[in-house]
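Q: Please take a close look at a single part of this model and describe it in connected prose. I would like the cut-offs behind each term to be given as you go.

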Amino acid sequence: MTSPVAHFHAVVPAGGAGTRLWPLSRAGAPKFLLDLTGTGRTLLQGTVDRLLPLTGPGGVLVVTGERHAAAVAAQLPELGASDVLAEPSPRDSMAAIGLAAAVLLERHGEDVVLGSFAADHIIDGAEAFEQTVREGVAAAQAGYVVTVGIAATGPSTAFGYVRSGEELGVEGAPSARHAAGFTEKPDAETAAAYLATGECRWNAGMFLVRARVLLDHLAAQLPPLHDGLREIARAWDGPERAEVLARVWPGLTKIAIDHAIAEPVAAAGGVAVVPGDFTWDDVGDFASLGSLLAAQPGTGEDDGSRTLGDDAGVLRLDAPGALVVGGATRAVTVLGIRDAVVVDTPDALLVTTRAHAQSVKSAVDGWRARGREDLV
């Protein structure tokens, strides 16, 4: 049995609409609330299932939007009411994680270490994940902002990269190294060059850090954002929360934690990277989803075709690699289209190919431009 990590609390930012998975994922029912792998557990539930053994009861905080707070609470009955922090509006990842850090500091004091893990990622390899978390906590207790570098399976242009430097030399974190820098999504040639160095890994956006250290860095980089979050946190568990939130939250700087903290602190030598040698995917589009689904049993030779839903309602004819989401309410036939993607929902149908999976967001933008907010 996994034993909880001392002073460790997990923060799960649960936001975004997952627009590259439209029309399955919508603003009102984003991908973290969906079972996208056929396991019977949503991505959010799977994330919390993975983290609770490492924190113990009461050790997970979910930060989500007000419109999703009730659904999050319903999916996670093992969490208490105070374990779901509802944001009045999206202010990006720095505000979400910073709010959690400030609330944890108020509740648990100076020793608390937080780990931020997105609600919509899929991870396989529990022992390797636990080892990464334990090393990350040890490095965080030494004062570092710690990120997780995922072993790349290829020169992906869909992910950012983190470059490892010298060994950290921290007890309890033998694999940790200084983070020499971050790079946003590169082109394929640049990504291949990064991997050839042996120093670069995918940046999965996971961070571990003492709450006090994170907030001190934020105070140095963005004082107004720090001050606003601390004011909100002081009122969070009291009767003035609603008033303070309404007054302070709308004025908070909207910025990602990578730009606010990770990049400038890395340049000053304050960021470490621990290796994540587990299988990881952010389910960023339908091509990614197709690679995560199991082949249907009894179909003979696997040609890469996959179904999320009722495969009895799907017919493929000369359509290798076709991904179909649906088949439950009406029959779906795919004829003569290699690597097709067909997503059939009650009010919207998407037909594309795996090669165009990263462009699905443009469909959301298109319907929104036509005023069809009911579709997005």
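A: What follows looks at the annotated span, at two of its residues, at its aromatic rings and at its border. The model is predicted, so that local features need pLDDT of at least 70 and side-chain atom pairs count only at pLDDT 80 or more, whereas totals for chains, interfaces and linings use all residues. Residues are numbered from 1 along each chain as its sequence is written, and side-chain values use heavy atoms, with hydrogens and water left out.

The UniProt record, an unreviewed entry, places "domain: Nucleotidyl transferase" at residues 10–289; such positions are given in the numbering used here, feature names are shortened, and annotations may be inferred rather than shown by experiment. The span is 40% helix and 22% strand, and its end C-alpha atoms are 25 Å apart. Helices (H or I, at least four residues) and strands (E, at least two) are DSSP runs numbered from the N terminus.

Strand β7, residues 160–167, contains S164, which counts as buried because its relative accessibility is 18%; buried means under 20% relative accessible area, exposed over 50%, and partly exposed in between (1.4 Å probe, protein chains only). Leaving aside residues up to four places away in sequence, S164 touches R177, H178, A180, E199 and V273, where contact means heavy atoms within 4.5 Å.

Y144 sits in the loop between α4 (126–141) and β6 (145–150) and counts as buried because its relative accessibility is 17%. With residues up to four places away again excluded, the contacts of Y144 include H178, a residue that S164 touches as well; among the others are L168, V170, L208, G270 and A272. By contrast, the C-alpha atoms of Y144 and V248, 104 residues apart along the chain, are separated by 29 Å.

Turning to the rings, the structure holds six aromatic pairs, a pair being rings of Phe, Tyr or Trp (its six-membered ring) with centres within 6.5 Å, counted as stacked if the planes are under 30 degrees apart, edge-to-face if over 60, and otherwise tilted. F117, F129 and F278 form one aromatic cluster, and the charged end of R50 sits over the ring of F129, 5.7 Å from its centre. R241, in turn, lies over the face of W236, 4.3 Å from the ring centre; here NZ of Lys or CZ of Arg must be within 6 Å of the ring centre and within 35 degrees of the ring normal.

Finally, an automatic or database assignment divides the chain into domain 1 (8–281) and domain 2 (286–375), with 14 residues of domain 1 contacting 22 residues of domain 2.
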